[in-house]
Amino acid sequence: MLCIGIAIGWNAKPMPTPSVSPVASGLTPPPSKPVVAVASSEDPPPGKHALRDSVVKKPSNMMPTEAEMDQAKKMQAEMSKAMVKHQRAKFEQQIDRLTESLSLTADQKAKLTNWLDDGMKKLEGLDFTDPKAMTELPELSKLLTPKALEDQLASSLSAEQQTAFTDYKEREHHDQVDAAALKSLSKLQGVIQFEDGQRDEVYQVLTKSAEASLLAKNENPDIAAMFTEGMGIEMDPYDLGLQQAMTESMGDPAKLQENAGDQKQILGKLREVIDKRIDAKVELLRPVLNDKQLEQYRTELKTKGMGVYGTVLSGLDAQDATPSK
């Protein structure tokens, strides 16, 4: 939820208008009440350019306007439609695979299709522009998982189908773990030049890590991924568990509003949590890689591990560093 909010909020956020320093423009800061300026014999009258620069700009930290809020809501609505469409297509593909692998009857397939229709109606019924309604999404997402779909078959499978189902789940799990491990290995190969024998050892370590990560995601689905996986956006390119990290760093969601003003503290805590996760990733490969390779890996994670959130946090850091006018 926090991931979604930051991503949508940042992309919908209007670019701040650069302000002009009073010193740079040659003008004194405008007083709170209009006064009649007295021209000095030593100072030339300001030209048109200076007068234009003296117009008071809207501070970048002001509350968004109604038009900006409407724009953000429209963006959220479009993302929500795309998310629901992608989720339906993903589950339909799984139903087709199950039907083929287990030779499901028409009634068994209909049971899965009805489950999917009910789930999608609930998802479509949520108002994703309403923060209160969005609190229902975490629990609903746990009900709309591949495992939840497969559980619908538990009581209707024949003995032969049960055997085929066991083989199907093992094959699916292996394929998912292998795909995740190979993806991580490919990223590493783009950064590190492996020595003889290292590649296979690294792959074994990455496979164990991918399996643990997959099991964790099955228990707690990544809500941000529900919105972005159909858009070609990698919210967590190095599998650092960014959604959990952001939740951990921001504390109790119920108290998020009252803590929202201390942005610097929140960002500091988030970076601390992410650094610990990066350290853990690096330590997993310490038995295999040398010190130089480990530092190359650490640098890669620090510079690219945050994915699109790296840009978001850099922008927030820059905003905090900008002195208020």
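Buried means under 20% relative accessible area, exposed means over 50%, and partly exposed is in between. Keep those cut-offs at hand for this tour of a predicted model.

**Stop 1: the whole chain**

Show the protein as a cartoon. It has 16 helices and 0 strands. Of its 325 residues, 33% count as buried. Now consider contacts between residues at least 6 apart in sequence: 76% of them join residues at least 24 apart.

**Stop 2: Asp-239**

Select Asp-239, in the loop between helix 11 (223-228) and helix 12 (242-250). Its relative accessibility is 21%, so Asp-239 counts as partly exposed. Check the backbone too. Phi of Asp-239 is near 55°, a positive value in a residue other than glycine. Most residues other than glycine have a negative phi.

**Stop 3: Ser-103**

Go next to Ser-103, in the loop between helix 4 and helix 5. Ser-103 is not a glycine, yet it has a positive phi of about 50°. Is Ser-103 buried or exposed? Its relative accessible area is 55%, so Ser-103 is exposed.

**Stop 4: helix 4 against helix 5**

Select the helices on either side of that loop: helix 4 (residues 66-102) and helix 5 (residues 106-125). Their axes are 11 Å apart, and the packing angle is about 170°. Angles over 145 degrees count as roughly antiparallel, so helix 4 is roughly antiparallel to helix 5.

Show side chains at the contact. From helix 4, pick residues including Met-83, Val-84, Gln-87, Phe-91, Ile-95 and Leu-98. From helix 5, pick residues including Leu-112, Trp-115, Leu-116, Met-120 and Leu-123. By class, the residues of this contact divide into 10 nonpolar, 3 polar and 6 charged.

**Stop 5: the aromatic pair between helices 4 and 5**

How many aromatic pairs does a search of the whole structure find? It finds 2. For one of them, select Phe-91 and Trp-115. The ring centres are 5.5 Å apart and the planes stand at 80°, so this pair is edge-to-face.

Phe-91 lies in helix 4 and Trp-115 in helix 5, so the pair ties together parts that are 24 residues apart in sequence. Phe-91 has 1% relative accessibility and counts as buried. Trp-115, at 13%, counts as buried.

**Stop 6: the aromatic pair in helix 9**

Now select Phe-165 and Tyr-168, which form a stacked aromatic pair. The distance is 6.4 Å centre to centre, with 20° between the planes. These residues are 3 apart in helix 9, so about one helical turn separates them. Phe-165 is at 5% relative accessibility and counts as buried. Tyr-168 is at 1% and counts as buried.

**Stop 7: helix 4 against helix 9**

Keep helix 9 (residues 159-189) selected and bring back helix 4. The two axes come within 9 Å and cross at roughly 130°. How do these helices lie to each other? They are oblique, and helix 4 passes helix 9 in a right-handed crossing.

On the helix 4 side, select Gln-94, Arg-97, Leu-98, Ser-101 and Leu-102. They meet Gln-161, Ala-164, Phe-165, Tyr-168, Arg-171 and Glu-172 in helix 9. This contact has 5 nonpolar, 3 polar and 3 charged residues. Leu-98 is also listed in the contact of helix 4 with helix 5.

**Stop 8: two glutamines**

Centre on Gln-94 in helix 4. Its relative accessible area is 5%, so Gln-94 is buried. Beyond residues up to four places away in sequence, Gln-94 touches Pro-146, Leu-149, Glu-150 and Tyr-168. Tyr-168 is the residue you saw in the stacked pair.

Move to Gln-161, in helix 9. At 10% relative accessibility, Gln-161 counts as buried. What is Gln-161 in contact with, leaving aside its neighbours within four places in sequence? Show Leu-102, Ser-103, Leu-104, Thr-105, Gln-108 and Ser-156. Ser-103 is the exposed loop residue from Stop 3.

**Stop 9: Leu-185**

Finish on Leu-185, also in helix 9. Leu-185 counts as buried, at 1% relative accessibility. Not counting residues up to four places away in sequence, Leu-185 touches Phe-194, Arg-199, Val-202, Tyr-203 and Leu-206. Add Val-205 for a distance check. Leu-185 and Val-205 are 20 residues apart in sequence and 10.0 Å apart in space, C-alpha to C-alpha.

How values were computed: Residues are numbered from 1 along each chain as its sequence is written. This is a predicted model: local features need pLDDT of at least 70, side-chain atom pairs count only at pLDDT 80 or more; totals for chains, interfaces and linings use all residues. Side-chain values use heavy atoms; hydrogens and water are left out. Axes are lines fitted to C-alpha atoms, for helices over the stretch in contact, and angles run from 0 to 180 degrees between N-to-C directions. Helices (H or I, at least four residues) and strands (E, at least two) are DSSP runs, numbered from the N terminus. Angles under 35 degrees count as roughly parallel, over 145 as roughly antiparallel, 65 to 115 as roughly perpendicular and the rest as oblique. A crossing is left-handed if the near helix is turned anticlockwise from the far one by less than a right angle, and right-handed if clockwise. Contact means heavy atoms within 4.5 Å. Ala, Val, Leu, Ile, Met, Phe, Trp, Tyr, Cys and Pro count as nonpolar, Asp, Glu, Lys and Arg as charged, and the others, Gly among them, as polar. Rings of Phe, Tyr and Trp (its six-membered ring) pair if their centres lie within 6.5 Å; planes under 30 degrees apart count as stacked, over 60 as edge-to-face and the rest as tilted. Buried means under 20% relative accessible area, exposed over 50%, partly exposed in between (1.4 Å probe, protein chains only).
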